[in-house]
Amino acid sequence: MNLFNLSGKIALVTGATHGLGMAMAEGLGKAGATLVINGASSQEKLDKAVAHYKALGLAAHGYLFDVTDEAAVKVNVERIQKEVGSIDILVNNAGIIKRIPLEEMEVADFEQVIKVDLVSPFIVSKHVVKGMIERKSGKIINICSMMTELGRNTVGAYAAAKGGLKMLTRNMATEWAKHNIQINGIGPGYFATEQTAPIRLDGHPFNEFIINRTPAGRWGDPEDLAGTAIFLASQASNFVNGQIVYVDGGILATIGKPSNES
Ligand code: GCO
């Protein structure tokens with residue numbers, strides 16, 4: 001089982017102060033990685049998250065920076081490498097969503113979603129990969145979505161970003177695999193997080209829709225993602241590259257079924 005052991009590795013997880021990022025970071029930490037937790041909203045929220053990881057007995061450090069700001073990314077990646085050590089694993093998880101019909105969406109809103117969800121994985125990877133190339137070793141995991149493959153009303157900007165992230169993942173693999181760097185993606189299905197709370201409310205039509213549309217018949221639990229994150233961060237995936245692994249309870253496997261079918 002050493003294949004999945006991350007002891008001695010340092011993992012930077014962006015947007016890891018809550019939600020799926022926190023669940024994946026916990027998994028990486030429990031597998032032995034030293035965690036570098038990024039947040040952008042507030043030092044208080046970041047400190048609270050780091051305390052949460054430490055309370056679990058995990059090695060964790062917090063760095064507050066905006067992943068869309070290249071100057072801030074450059075400075076903080078250099079700080080991390082100096083203060084904690086070389087980044088072996090990068091999880092590009094930070095993301096936003098704006099649920100607005102395309103015809104009503106302001107261009108500025110569309111551009112903001114693209115900037116956070118697609119441009120920032122490029123920015124952070126560009127600065128982290130330099131060390132990975134030097135060391136001829138590294139793991140990059142881009143967090144995609146069901147919207148990488150499927151459209152949905154009101155999330156057009158998010159779908160465009162997450163669809164682009166699949167091809168960015170494939171191109172990173174094309175350009176960087178020769179340096180013994182593995183770059184893959186995780187496509188979470190519908191998970192019970194803060195981000196989906198508005199569409200999970202009891203009686204909300206989307207809540208019933210997703211439960212019916214998901215062969216597993218439930219929303220994902222953030223802990224359901226940890227194993228795939230550990231796999232893609234470990235030597236167990238050393239010959240896996242450019243792949244998006246969907247952790248979706250079976251959504252992408254099926255056309256779905258009428259609500260009166262079990
Ligand atoms: C939505 C949801 C989705 C999920 C996830 C699915 O509004 O459709 O928020 O975007 O969060 O991305 O993979």
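**Reading the ligand site and the pockets**

A polar side-chain atom of Arg-99 lies 2.6 Å from an oxygen atom of the ligand, in a model that is predicted.

Q: Which other residues place an N or O atom by an oxygen atom of the ligand, and does each use its backbone or its side chain?
A: A polar contact is a pair of N or O atoms within 3.5 Å. Met-146 supplies a backbone N or O atom, 2.7 Å from an oxygen atom of the ligand. Tyr-158 uses its side chain, where an N or O atom is 2.8 Å from a ligand oxygen. The ligand on its own has 330 Å² of accessible area, and the protein covers 96% of that.

Q: How many residues surround the ligand, and which come nearest?
A: There are 14 residues around the ligand. Arg-99, Met-146, Arg-152, Pro-188 and Gln-195 come nearest.

Q: How does the shell around the ligand divide by class?
A: The shell holds 8 nonpolar, 4 polar and 2 charged residues.

Q: How is empty space found, and which pocket does the ligand take?
A: Rolling a probe the size of a water molecule over the atoms shows where empty space is left. Here the ligand takes the space of the largest pocket. That pocket contains about 890 Å³ of space. Its lining has 40 residues, and His-18, Asn-93, Gly-95, Ile-96 and Gln-195 are the closest to its centre.

Q: Which elements give two or more residues to the lining of the largest pocket?
A: They are α1 (19–30), β2 (34–39), α4 (107–135) and α5 (156–176). The largest share, 3 residues, comes from α1.

Q: What classes of residue make up the lining of the largest pocket?
A: The lining of the largest pocket has 17 nonpolar, 17 polar and 6 charged residues.

Q: What volume does the second largest pocket have, and which residues lie nearest its centre?
A: The volume of the second largest pocket is about 210 Å³. Its lining counts 14 residues, with Lys-9, Lys-139, Ala-233, Ser-234 and Gln-235 nearest the centre. By class, the lining of this second largest pocket has 3 nonpolar, 8 polar and 3 charged residues.

Definitions and conventions:
Residues are numbered from 1 along each chain as its sequence is written. This is a predicted model: local features need pLDDT of at least 70, side-chain atom pairs count only at pLDDT 80 or more; totals for chains, interfaces and linings use all residues. Side-chain values use heavy atoms; hydrogens and water are left out. A residue is near a molecule or strand if one of its heavy atoms lies within 4 Å of it. A polar contact is a pair of N or O atoms within 3.5 Å; within protein, one must be able to donate a hydrogen and the other to accept it, and residues adjacent in sequence count only if both atoms are side-chain atoms. Accessible areas come from the Shrake-Rupley method with a 1.4 Å probe; for residues, only the protein chains shown count as cover. On a 1 Å grid over the protein atoms alone, a cavity is a set of points where a 1.4 Å probe fits but cannot get out, and a pocket is an open set with protein on both sides within 12 Å along at least five of seven lines; lining residues have an atom within 4 Å of a point. A molecule sits in a cavity or pocket if more than half of its atoms lie within 2 Å of its grid points. Ala, Val, Leu, Ile, Met, Phe, Trp, Tyr, Cys and Pro count as nonpolar, Asp, Glu, Lys and Arg as charged, and the others, Gly among them, as polar. Grid points are joined across faces, edges and corners, and a volume is the space filled by probe spheres set on the points. Helices (H or I, at least four residues) and strands (E, at least two) are DSSP runs, numbered from the N terminus.
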